[in-house]
Structure formats: C-alpha cells, structure tokens
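Work through the exercises below with the sequence and the coordinates at hand, attempting each task before reading its solution.

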Amino acid sequence: MQTLSRSIKSALFGTALASLSPMLVFAQQSEINISVQPLGQALNQLSEQTGTVIIAPSRLVSNKQAVATSGQLSVMRAVEQLLQGSGLQAYAQPSGAIVIKKANSSTLSTPNNRAANYQTPMDEIVVSALKRDSSLQDAPVAISVLSGEELKVQGVTDFTDLIDSLSGISINSAFGGPENSFITIRGIGGADDYKPNGNPSVALHVDGIYQTSNAYLSMPLFDLERIEVLKGPQGTLYGRNTTAGAINAITKKPGDSLNGYADIEYGSYDFVSGTAAVGGPVSDNLGIRVAVLMEQGGGFMDGKGAGNFAGFVPEGAEGIVPPVADPGERDGFGDADLFAFRGTAVYDFDDVTSLTLHYFVSQDRGDTRQYDRIAFEDDNPALNAGENSDPYSFYSSQYYSHEIDVNGFSGDFTRQLHSDLNLDILFALQSSERNVSGNGDGTSFPRYQYNFDDELDQTSLEIRLSDATGGDFDWIAGAFFMNDSVDFTSNWSSYAVLSEYSSPYNQRRNSFATFGNIDWNISNDLVVSAGLRYTKDNAKFRGENIDFDPWGLSTFESTFSTQANFSWDREFDDSNVSGKLAVQYFINDNLNVFASVSTAYRGGGFDGTSIFSEEETLPFESEEVLAYEAGARYVTDIINLTFDVFSYDFEELQATARLSNDTNGRTNVGKATVRGAEASIAVTLYEASNHKITFNTAGTYLDTEITEFSSNRVNDVISTIGDPLPGSPEWSQTAALNYQTSFANNTQLNARINYSYHGEESNRLNAGDGNTAPSYDLLGVRVDVTFNNGVNLYAYGRNITDEVYFLELNGGSRLVGAPATYGGGVSYAF
C-alpha cells in the first residue's frame, strides 16, 4: 500500500505540479555557512537553517567529518559539498526530503554523472513515528503509511475509515452505536470501553498531539500529508494506552511557495463533498495555510417508521406511559452534514527556531447510522417491528441525528540549541461536545432508548530534547503532562424498566510521564536501541444514579438488583514503568532485520458506561502486555517487501463483563494471548515508454485466545476461555493494482483497482453467532485524468460487487456497511 501511494503521488492530482514543487525547493538558493564539524551535526544544522527534511542514518554518518561549506547555494548542492569524500550520496525525494545513502560505485564521479547514472530505489517514505524524522525502511517497528493522495483515493475522512484501507485493523461499537466506537489493531482493543472517559488501546494523535478519548474517533481528517499507523505496543515513546499501537495524522504545512487546491465531488445517494486549501509564505518569516471541508448527503438507509409498534403501550400502563410514536417513512437516512476548518501558521524566529500553530474546528449535524433487525420470522416478535430481509431498511420510533462539535488549538515549538541538540515543545488545548441518541436493539420498541450527552476538555504538554546527529549514540528524552475532564450524562427511557433514569458523572484525570530512548550505533550495520518510560496517573470519579420514575411504575431495583438512587466519589492512582529493547542489523543496503521485546500498559480507572449499581463505580486495574516482535525489510528499485511476526501476552485484561448483580460493568477479567504475522509487498510489474504498472498487497494473520477468565457466572467462564478476542479477524488483506501513463501535452491517466478482505470477527466477549459478523470482500475502482494545467477529473466505484456486509452484529440487531456507491469529481491544484 505504501509504495502504491508513492506512485500515485507522481501521477495523481496534478503530476506536473507535484513534481515541480520539490524541484523548486531543491533549486532555491540560500546563504550557507557551515564550518568543519561532525557530519551528522552539519547536516542537522543545514536542515534547521533551510527547513528541509534531511534523513541521515546515524549508522552511516557517525565518525565522519563534514567539508566546510559556504556561499549562495541550493540545499542539494550544500549537502553534496558536505558529503564530499564521505562515500555517501544525497538523493532527492518527490516529497521534498533529502535522503543520505551509501554511494553506488558508479555514482562516485561528478554530480551530473551521478544524477544520470543512478537509478533511485522506490521513493523513500519519511516518517516521524520515532519522534524524529526517519526513513520508513530503517525504522525497527511495524508502520503502515497512507499518503494524503492515497487517503483521498480510498475515501478516508476519519479514523474509522482506515478499516478497509489497512490490514489488521477493525472497528467495534457494541451497544454504543456507530458514533461511539473504538479501533482494534492486531486484535487488541476489541474489549475497550466506548464511553468518553475510557482508556482506548489505540492512541490517536493529530500532529503529534495525543487525543485522550475515543470521542475523537469521528474527528474529520482532511488536507493531510499522511497518516502513520504504528502496529503493536508503543509504551516507551507514546506511553499509556498504546497496547494496540498508535495512529498519527499529520496535516499539511503552508509550504515554501504559494500552493493549494480545490475539489468538489458528487456521489451516490446525493453525496456532495468539497475540500479546499491554500498555503504559502506571507512574509520572509511567516507561512500560513487554511483548509476547509464540507460533506452533505450520502444516506443509504430507508426508515419505515414504527411499524408494528406504532401506538404500543406496555400492558398495564395504558393511559400512563406515552404510546410509541410513528415518525412515518423516510428514505435516504444517514446523511452527512459536516463542516470543518483548520488554520496553520509557521513562524521562523531565526534559522534554528520556529513555531507552528494549528487551530481546528468542526461541526457535525448528520444523521446517526441506525441498526436494523433481522427478518421477523427469524427474530423475537417482542422486539421486531416487522422487518424483512432487507438490511438497508429499518424501523424506529424516531430518526436520530447527532451534534458533535470539536475545536482545538495546538502548537509545536522547535529550536536547535546546539549543532547536536534539539528542543521540541508540543502543547494543546482541545474540547468536544457531543449529543448522540439511539436504540441499540435496532427496533422501534424503546426497550432501552438512550441519549448520551458529554463534554470533554483536555490540555497537554510534551517537552523533548534529542540528539540524532550521527555520533555513537543517538538519544531522545522528555516529559509529558496531560489532564482531561469528562462530564457525561446518559439518559434512558425504557419500556423494559417502565421508567426514565439517568446516570450523570464527571471524571478528572491527570497523567505525568518521563521517558528516554537511546540508539547505540555499534557499527554501520548494527544498532541497539533501549528505552524506558515512567508514568503516574490519577483519576477522580464522581456521580450519581437517578431513577426519575415519572410514571410510578419503575422496576429499576428489581431489574438491576440494586438500589435505585445513590451517589459515589472515587479516586484511582497508579504508576507504571514500560520499556523496550530492540536490535537492528543491516545485512546490506537493501535488507535489514530487527527484533524487539517491550512492555506497555492501558491505564486503569473507571467504567464509562451507564452506572446502574455501586459495584460498577469501583475502579479496575491497569492492563499490561509483554510483547515480542521481529521483522525484515527488503527494498530495491522495483520491490519493497516487509515481514513481521509478533507475540503478545496480556494480564489484567480489561473488558465489560457480568458483575455480581448481573449488570454489565468494566472490570479485569483475566489473561489473553495474541500471536500473528504480517507481510506486505509492493512491486513495479512493468515500466517503459510512459507506461507503469504497480501492485501492492498486505495481509495480517491473527491467532488470539482468552486463556484465563474471571466471572461470577460459571457458564461465562466455561464459554469464554479459549475464545478469540473481540475485533480480531483471523485473516485480513488489502491489495491494489495501479496503471499510469501519459499522453500528449503531459496529460496523465491513472487507473486503479483495489481489494480488501476482512475475516469474521466477534464484537464482544461470550460472543455467539448473533455477535459474530461474517467475513466480507470489497472491490473498488478509480480512474483519474490529470491535465498539465492542474485540473484533474476522476470517477470511482466502491463495493462495486454490491456485497452485503455487516460491520457489527448485536444479537438480533445489525449495522450494515455501505452498498455499491459511485461518484466522480473535479479538482484543481496549483
């Protein structure tokens, strides 16, 4: 997938302009003055002075001296002068980065001969996953990268859309509905809490800023440089709540010259989307970029009203409990209604000091995706309003929409304190307000009808010092501070309980961590890395349970075997030390292998679901994992191959389980193991005379098992031990075949076929057939024609085989995926 995204970058959305921009950057001249010093320090100094990403692996530049360089020079020419006599060579990448590699013997001549004779390998992908810029092929960790162009091609507009774009990723929402979801990576995270105060197993980041809650999963993603997905525990550099991995979305910066684009798209079910961005310098020191996104329509569900339950009143409650309302029929339900804005400013105080600021706001007023029931003849008539086998129609007593507002301000201050010492300070203020309603049973009978109302605020600060300039040791050290607050109210109207009741609570959480990582460059071929992180957490949890009993018929206490009205005030403290040890060996310039052992943890705390008993207010302990991983990376000018094997052992597994009063609550339920393998290959199948065909595929195999399980119900213990973890399909795969060519006047054609497979998976512990979603295959196509004036015309089809597939099964209710959709659009880039 990564290599295909790189090939698309040269032909999709204005190839001529995309290739021209880096050339202009490399050609621009600046006054350079760098003295004789260690080569790594000199390249670091040049990178800071010019704002150019220079990837110089320490294993190559250690113990080498730079040649003094001065004068009015381009960045590339300055790098070439610094490298004279080193046996190294600089290669420019389409992204604008410069990568340092060992020089090919045929290139050790003049610069012009080097450019003519050297056939570059597949474009290097620059990642910041290790909290510094590095080459993807050299990173000793499993990383998947999707470029901004690839994200557009695949229709990714939020974190949840990554499911069918990358293997080994799933999404689960259990009872919470599609607006209350959580991501799993490699089978880890499927037992998470979907409520806003929880501790997700996947750490989400935007421009390096940690998103403390799953509430931010639906945050719109647009105008992106790339998304990096780190698979597997990341406890050292990323800290708490990374037992599954970390996802970082990196937005685009202003750029060194005026640039931008506008895109308008129309698709099936009257879907309309528009994005636009413009950026560039406004003075010698200041660059600004603004970007907007708008989405409307696209709803593919048909509402049938209340059906058999229209006017229904529970027996014995006639004249007391209001009858079930019938909202009538409504076609095309599920429409988007979204607007988002982001502003970015980069100010350079001097050649080695800069400040990047981001402001973001989004407003989502779309329809809330609805569950439907299985056919009437296969279901419990007491819950079914008359469903047929059509999964795209549903019954409901009302048509739910949601209100989701997110806004935030963040910054990144960087300064080169010395030629071998860099300072980074990241800070953020962010908030979210959400109101989401639904009926998790997928019926118009309001058995348990909910309204969730939450407000989140978070602040964070991360300070890092680093030296990665090519000595025997590269290191990074820092401290992280975070606090967040959650005010959440779950309101319920239940005909099963014959009451309306509420569970308002607030949680205040603080976290402090200090961390360090060191890379020992033993030789040009061998690197040993070690890291530690200490974290201290504190959470305070207060709230109450209220049974309003508006009709005087409440069965709350008998239904939940508990007192109806109570309050609580709890506190939880915890600390953790996580570590990692990794060894990486470069067999040759094309092949390297690595192995690592690490620990990570998911913070303990409090149940974020609705509180119906005092037992549910008790804290649970932190979940811990011991992880082993090994991998290989092989890259040439036509092929890029990765292979990883991994083994994880979990203790104090957190999950929702039956408590002593037979209600559901978050608790520590036992132990689990995850074993698996992952591989990807990207290859150029054919390239000649303006024609190029590339293919890539990636697959993940998982073998997960719950090995120990604690419960007050013996049957649950017996039925759960040996089960796979929720959200862990045994097999998942993605693949894409891409063809590109050029015509007269530099008109470019790009045609693509993409495929994804997702194996069957459960969405909860103790899962039966009614909670196990079948496997599915999706096939898509896209064609782009890009003219030399920057105009691009495109058309696409997704799920073109019109496969009926389910993202989730929850007993008799189900959440269906989108049917076949088609669309097209026009964009202009400059």
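**Exercise 1. How far apart are the mean positions of the positive and negative charges of the protein chain?**

Solution. Begin with the counting rule, under which Lys and Arg are positive and Asp and Glu negative, while His and the chain ends are not counted. Next, place each charge at NZ of Lys, CZ of Arg, CG of Asp or CD of Glu. The protein chain then has 50 positive and 104 negative charges, and their mean positions are 6 Å apart.

The model is a predicted one, in which local features need pLDDT of at least 70 and side-chain atom pairs count only at pLDDT 80 or more, whereas totals for chains, interfaces and linings use all residues. Residues are numbered from 1 along each chain as its sequence is written, and side-chain values use heavy atoms, with hydrogens and water left out.

**Exercise 2. Describe the overall build of the protein chain, from its secondary structure to its burial.**

Solution. Count the DSSP runs (helices are H or I of at least four residues, strands E of at least two, numbered from the N terminus), which gives 9 helices and 44 strands. The radius of gyration, taken over C-alpha atoms, is 27 Å, close to the 28 Å of the globule rule (2.2 Å times the number of residues to the power 0.38) for 830 residues, so the protein chain is as compact as a globular protein of that length. Along the principal axes, the C-alpha trace spans about 95 × 60 × 50 Å. Finally, 58% of the 830 residues count as buried, a term that means under 20% relative accessible area, with exposed over 50% and partly exposed in between (1.4 Å probe, protein chains only).

**Exercise 3. Which side chains of strand S32 point to the buried face, and which strands pair with S32?**

Solution. Start from the general pattern: in a regular strand the side chains alternate between the two faces of the sheet. In S32 (residues 623-635), Glu623, Val625, Ala627, Glu629, Gly631, Arg633 and Val635 point to one face and are buried, while the side chains pointing to the other face, including Leu626 and Tyr628, are not. Then turn to pairing, which requires that DSSP find at least two bridges between two strands. Strand S31 (residues 591-602) runs antiparallel to S32 and is joined to it by 12 bridges, and strand S33 (residues 639-658) also pairs with S32 in the antiparallel sense over 12 bridges. Val625 links the two steps, standing opposite Ala600 and also opposite Phe650 in S33. Between S32 and S33, which form a hairpin, lie 3 residues.
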